[in-house]
Amino acid sequence: MITIGQQFPAFNKKAVVSIEKGKEFEDITSDFLVNDDNVWTVMFWWPKDFTFVCPTEIAEFNKNYGEFRDRDTRLIGASTDSEFVHAAWRKNHDDLRDLKFPMLADTSKSLAEDLGILEPTEKIAYRATFIIDPTGVVRWVCVNDLNVGRNVKEVLRVLDGLQTDELCPCNWEKGEETLTV
C-alpha cells in the first residue's frame, strides 16, 4: 500500500461533478493535486455504490465540506464503480443529490491497485482515506475494513495537525497548544 511520504500516483479519471443534464462529468487528473496555492486534498474511497454504510460516509463528508474548504482542502470521493453508476446513485439518493465534491470513477481499478487498497477477493476498494499535501505527497493514510465507516471529524483533526507543521500530542485539537522541543 502507498504510504506516508510517497508521491500520490499519476491518474486521469472521469468523475461525476453534477446531476445537471449535460454537466455531469469531468476529467480529474493527478495534476489537480499539485498546486502553488497551498491547497491540500483529501481523497476518500468507498467499496460500492448503492450500499448501506457508504452513503453515510459520503453524506458526512458533504456535511463537513465547509470545514474542509475553510482549511484550503478539496475533497474527492472515489470508488471502482463507473461514472454512470455514480450519477445514477446521486440522482436516486436524497443524501447524495447535492454533493459539493466530485465522485471519481476508477472503473479500470488501476488507481485503487496503484494505491494498494484493492480488496483481493471482490476487487473493490477498501475504505481508504488519503490526506495529500499541495506537492502531491501523501501525509496521512487510514484504511478501514469494508464493514466499518470512518470518522470524518478525525480526518479533520489530523488535517489540522498536519497543517500546523508542528508537533501535536495525543488527542490534540485545533486551537490547543502544540509541543515545543
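This is a short talk on one pocket, two helices and the cysteines of the structure above.

A reminder before I start. This is a predicted model.

Let's begin with the largest pocket. Its volume is about 170 Å³. What lines the pocket? N64, E67, R71, K153, E154, L156, R157, D160, E173 and K174 do. Look at the chemistry of that list. Eight lining residues are charged, one is polar and one is nonpolar. Which helix gives the largest share of the lining? That is helix α5, residues 152-164, with five residues.

Next, helix α1. This helix covers residues 53-63. Which of its residues are buried? C54, P55, E57, I58, F61 and N62 are. Why do they fall on the same side of α1? Because they cover an arc of only 160 degrees around the axis. Now turn the helix over. The face away from the buried side carries T56 and K63, and both are exposed. So when you look at α1 on screen, find F61 and I58 on the buried side. Then find K63 on the face turned away from them.

On to a single residue, A112. You will find A112 in helix α4, residues 110-115. Is A112 buried or exposed? A112 is buried, because its relative accessible area is 0%, and buried means under 20%. What does A112 touch? Leaving out residues up to four places away in sequence, the contacts of A112 are W45, T80, D106, I117 and L118. One distance to add here. A10 lies 102 residues from A112 along the chain, and their C-alpha atoms are 12 Å apart.

Last topic, the cysteines. How many disulfides are there? The count is zero, with a disulfide taken as two cysteine sulfur atoms within 2.5 Å. Take C142. C142 is in no disulfide, and the nearest cysteine sulfur belongs to C54, 15 Å away. You have met C54 already, among the buried residues of α1. C142 itself is partly exposed, with a relative accessible area of 26%.

Now C168. C168 is in no disulfide either. For C168 the nearest cysteine sulfur is that of C170, at 11 Å. How accessible is C168? C168 is partly exposed, at a relative accessible area of 29%.

To recap. The largest pocket has eight charged residues in its lining. Helix α1 has its buried residues on the same side. A112 is buried in the model. And the disulfide count is zero.

Key. Residues are numbered from 1 along each chain as its sequence is written. This is a predicted model: local features need pLDDT of at least 70, side-chain atom pairs count only at pLDDT 80 or more; totals for chains, interfaces and linings use all residues. Side-chain values use heavy atoms; hydrogens and water are left out. On a 1 Å grid over the protein atoms alone, a cavity is a set of points where a 1.4 Å probe fits but cannot get out, and a pocket is an open set with protein on both sides within 12 Å along at least five of seven lines; lining residues have an atom within 4 Å of a point. Grid points are joined across faces, edges and corners, and a volume is the space filled by probe spheres set on the points. Helices (H or I, at least four residues) and strands (E, at least two) are DSSP runs, numbered from the N terminus. Ala, Val, Leu, Ile, Met, Phe, Trp, Tyr, Cys and Pro count as nonpolar, Asp, Glu, Lys and Arg as charged, and the others, Gly among them, as polar. Buried means under 20% relative accessible area, exposed over 50%, partly exposed in between (1.4 Å probe, protein chains only). The arc is that of the directions from the helix axis to the C-beta atoms. Contact means heavy atoms within 4.5 Å.
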